[in-house]
Amino acid sequence: MNSLLDEARAALFSVWHRKWIALGIAWGVCLLGWLAVAAVPNSYESKSRIFVQLDDPLAEQIGIGASDRRRDIERVRQTLTSAVNLEKVVRSTRLGDGITTPKQMETMVTDLGKAIKVKSEQDNLFEISATSTDSNLSDAESAKLAQEIVQKMIDIFREENLAGGRGEMTETLEFMNQQLADRQKQLEAAEQRRSAFEAQHPELSQGGASLIQRLEGARTELRGLDADIAAAQSALAAINGQLAGTPQSLTGPGAGGGARSALAEALGQLAALRSRGLTDNHPDVIAARNQVAQLRALAANEGPGGGMPNPAYSSLQSIRAEKQANLQALITRRAAALADQARLTGQQVANPEASAEAQRISRDYDVLKQQYDKLLQDREQLRLRGQVENERSAVKFQVIDPPSTPRKPVAPNRPLLLMGVLVVGLGAGMAGAFAVGQLTSGFHTMGRLEKAIGLPVLGAISHTMNDVGRAVAAKRLKYFMAASAALGVVFVLLLASEFIQRGMVA
């Protein structure tokens, strides 16, 4: 511990003994450092926040979802600092003053890209910041330039989302109209080919349906008729079973003429059907005629007083007549469907080339018609969407915080740098004085002398001065203190100048 104290005392004595060297080095380092700090231009930063409203019920109703608009806004945010947009900023601000060559413009765009930041605080909240650092401008002008850059970026952000979106919508509609015109020409040509083919082969034309489609339709109809005939036969068999177990008349007194009454009613129904203009070949007329014939036979066999007719039996007979008529109508329809199928099959076998051509023409026409209808529907949806985006402004902007006017520089931190230079200068002065002391061959303590010669030191003689020497030493100490205080005064003046300069910007 004693050795450490001796070393510290020796170092302090060496520095104090050469205090003027330390002060001179401190002054030199501080002046150079302060000049370097003064040469660094101030950087002023301006910020702004933008809120983007994404919720619009009408836009969502026609298919403009919030996710689509959010994706578009994110795309614009990422491309906002593109070279094209930055060049717009350069040309519209004083940054473009003095730029005459493409190389200068490229360099300015690169520097501006580093000075502008666009970050998303939330899904629909963005912050745009710009830093202006120009040694050729005053602090007030540099602060104003930062504000102008942010304002221009906001204008570009709005144009890219509104005007840019409208331009894209216009281009899309033009493309859709061109595609529709092409499809319309192709569809008209297909219609002409089909009309010409149907004029040559009228037997193969039926409402635009191909021969294969009609054959498939006939087969489907036959399968349905077979199922209906089987169901009708089953229902008729059930009615016949019920009739077999139901008596024709009931014993006891009662009014006769049940079959005659049913016959009169059936004749009235037949007359009503004919009055409607139905022919005798109509299924309903055929069923009514069959029912009249059966009721006439029953009326002829009915005695004048053989008991009261059974209403259930008469009802079952009516139902059976209806079932028989339905079955007969289904059988007739099946025969017609079989004839139609045979005719179509004969046409296909007799002229297979024409049948294949008809199928190809019909298929091409159907495909073109579907494409045209789909494009027409998409075009109308896009047109409606464009009207909503233009008139309703599906994406609405609101500048929450306008571009701020910087009041103080964000960089450099000049007071801290000035303080750092002062500390470094003082440290450099002390280090320099200590280094000079180490180069001399003197001994400042008895301990160091004992170590150097290896012999004990009995004592030391103190340095004494007369009155003249003490006066000279006191005068030199005053000069030293004044020079040291002047260094501190210069530091304080520099700090005051910095704060005054900041106040002038505000």
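This section describes the fold, the nonpolar core, the salt bridges and some local features of a predicted model.

The predicted protein comprises 506 residues, of which 31% are buried, and its secondary structure consists of 16 helices and six strands. Among the contacts between residues at least 6 apart in sequence, 82% join residues at least 24 apart. The accessible surface of the protein amounts to about 30,200 Å², with 57% of this area belonging to carbon and sulfur atoms.

The largest nonpolar core contains 24 residues, and those that touch the most other members are Leu80, Val90, Leu112, Ile116, Ile128, Ile149 and Met153. Two or more residues are contributed to this core by each of strand 1 (44-53), helix 5 (83-92), helix 6 (102-115), strand 2 (116-122), strand 3 (125-132) and helix 7 (139-161). Helix 7 gives the most to the core, with a contribution of seven residues.

Within this group of elements, strand 2 and strand 3 pair in the antiparallel sense over six bridges, and in this pairing Ile116 stands opposite Ala130 of strand 3. In a regular strand, side chains alternate between the two faces of the sheet. Of the eight residues of strand 3, seven are buried, so this strand is largely enclosed by the rest of the structure. The surroundings of Ile128 can be listed in detail: when residues up to four places away in sequence are not counted, Ile128 touches Ser46, Lys47, Ser48, Ile50, Leu80, Lys117, Val118, Val150, Met153 and Ile154. Two of these partners, Leu80 and Met153, are themselves named with Ile128 among the core residues that touch the most other members.

Seven salt bridges are present in the structure. Side chains of opposite charge can pair when their charged atoms come close. One of the salt bridges joins the side chains of Asp401 and Arg49, with an N to O distance of 2.7 Å. Because Asp401 belongs to strand 6 (residues 396-401) and Arg49 to strand 1, this pair ties together parts that are 352 residues apart in sequence. As partly exposed covers the range between the buried limit of 20% and the exposed limit of 50%, Asp401 falls in that class with a relative accessibility of 30%, and Arg49 is likewise partly exposed, with a relative accessible area of 26%.

Another salt bridge is formed by Arg91 and Glu87, for which the closest N and O atoms are 2.9 Å apart. Both residues lie in helix 5 and are separated by four residues, about one turn of the helix. With a relative accessible area of 59%, Arg91 is exposed, whereas Glu87, at 28% relative accessibility, counts as partly exposed.

A salt bridge is also found in helix 13 (residues 352-392), where Lys374 and Asp378 lie four residues apart, about one turn of the helix, and where their side chains meet at an N to O distance of 2.8 Å. Lys374 is partly exposed, with a relative accessible area of 47%, and Asp378 also counts as partly exposed, at 22% relative accessibility. Helix 13 is in addition the place of Val367, a residue that counts as partly exposed at 39% relative accessibility. The C-alpha atom of Val367 is separated by 9.3 Å from that of Leu187, although the two residues are 180 residues apart along the chain.

On the surface, Trp16, Leu477 and Met481 form a nonpolar patch, and together these residues present about 310 Å² of accessible area. Leu477 is located in helix 16 (residues 467-505) and is partly exposed, with a relative accessible area of 35%. Since membership of such a patch requires a relative accessible area of over 30%, the value of 35% for Leu477 satisfies this condition.

With regard to backbone geometry, a cis peptide bond joins Ala411 and Pro412, the omega angle being about -5 degrees. Pro412 is situated in the loop that lies between strand 6 and helix 14 (414-439); strand 6 is also the element that holds Asp401, the partner of Arg49 in the salt bridge described above.

Notes: Residues are numbered from 1 along each chain as its sequence is written. This is a predicted model: local features need pLDDT of at least 70, side-chain atom pairs count only at pLDDT 80 or more; totals for chains, interfaces and linings use all residues. Side-chain values use heavy atoms; hydrogens and water are left out. Patches are made of residues with over 30% relative accessible area and no salt bridge: like charges are joined within 9 Å, nonpolar side chains (Val, Leu, Ile, Met, Phe, Trp, Tyr) within 5 Å. Accessible areas come from the Shrake-Rupley method with a 1.4 Å probe; for residues, only the protein chains shown count as cover. A salt bridge is a side-chain nitrogen of Lys or Arg within 4 Å of a carboxyl oxygen of Asp or Glu. Buried means under 20% relative accessible area, exposed over 50%, partly exposed in between (1.4 Å probe, protein chains only). A nonpolar core is a set of buried Ala, Val, Leu, Ile, Met, Phe, Trp, Tyr and Cys residues joined through side-chain atoms within 4.5 Å. Contact means heavy atoms within 4.5 Å. Two strands pair if DSSP finds at least two bridges between them.
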